Amino acid sequence: YNIYVLLKMGGRPGWWLLLMLIPLVNFIVGIIVLNDLSKSFGQGVGFTLGLIFLSPIFILILAFGDYKYIGPGATL
């Protein structure tokens, strides 16, 4: 359910959850989803790299920082 909500926040369809179950494809899909999440909060590529390499820290930064959710990142 966590991944499904993350997909919806990023603006991706729910069936992408099935792609997350395929080995090796899930790495690529995960990077795309993290990029969409970064765009959803108005951040750029640098923040996406932080989400990829230091996910727990950067997710806490999004949760407790002054960042606002501006909408699905896949449509921006």
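**Close-up 1. The largest pocket of this predicted model holds about 270 Å³ of space.** Welcome to the pocket view. Of the 15 lining residues, those closest to the pocket centre are N2, L6, L34, L37 and I59. Three helices give two or more residues to this lining: α1, α3 and α5 (55–64). Which of the elements gives the most to the lining? That is α1, with six residues. By residue type, the lining divides into 13 nonpolar residues and two polar ones, with no charged residue among them.

**Close-up 2. R12 and D36 meet in a salt bridge.** Here the view turns to a pair of side chains. Side chains of opposite charge can pair when their charged atoms come close. Between R12 and D36, the distance from N to O is 2.5 Å. How many salt bridges does the model have? The count comes to one. R12 sits in the loop between α1 (2–10) and α2 (16–19), while D36 belongs to helix α3 (residues 25–40), so the pair ties together parts that lie 24 residues apart in sequence. Are the two partners buried or exposed? R12 is partly exposed, with a relative accessible area of 22%. D36, in contrast, is buried, because its relative accessible area is 3% and buried means under 20%.

**Close-up 3. Six residues make a nonpolar patch on the surface.** If you would like to find the patch in the structure, look for V45, L49, F53, L54, I57 and I61, which together make about 590 Å² of nonpolar surface. The elements that give two or more residues to the patch are α4 (45–53) and α5. The largest share comes from α4, with three residues. Where does L54 lie? L54 is found in the loop between α4 and α5. At 43% relative accessibility, L54 counts as partly exposed, because that class covers values between 20% and 50%.

**Close-up 4. L21 is an exposed residue in a loop.** The last stop is a leucine in the loop between α2 and α3. L21 has a relative accessibility of 67% and therefore counts as exposed, a class that begins over 50%. How far is the C-alpha atom of L21 from that of F47? The two C-alpha atoms are separated by 25 Å, and the residues are 26 apart along the chain.

Conventions. Residues are numbered from 1 along each chain as its sequence is written. This is a predicted model: local features need pLDDT of at least 70, side-chain atom pairs count only at pLDDT 80 or more; totals for chains, interfaces and linings use all residues. Side-chain values use heavy atoms; hydrogens and water are left out. A salt bridge is a side-chain nitrogen of Lys or Arg within 4 Å of a carboxyl oxygen of Asp or Glu. Helices (H or I, at least four residues) and strands (E, at least two) are DSSP runs, numbered from the N terminus. Buried means under 20% relative accessible area, exposed over 50%, partly exposed in between (1.4 Å probe, protein chains only). On a 1 Å grid over the protein atoms alone, a cavity is a set of points where a 1.4 Å probe fits but cannot get out, and a pocket is an open set with protein on both sides within 12 Å along at least five of seven lines; lining residues have an atom within 4 Å of a point. Grid points are joined across faces, edges and corners, and a volume is the space filled by probe spheres set on the points. Ala, Val, Leu, Ile, Met, Phe, Trp, Tyr, Cys and Pro count as nonpolar, Asp, Glu, Lys and Arg as charged, and the others, Gly among them, as polar. Patches are made of residues with over 30% relative accessible area and no salt bridge: like charges are joined within 9 Å, nonpolar side chains (Val, Leu, Ile, Met, Phe, Trp, Tyr) within 5 Å. Accessible areas come from the Shrake-Rupley method with a 1.4 Å probe; for residues, only the protein chains shown count as cover.
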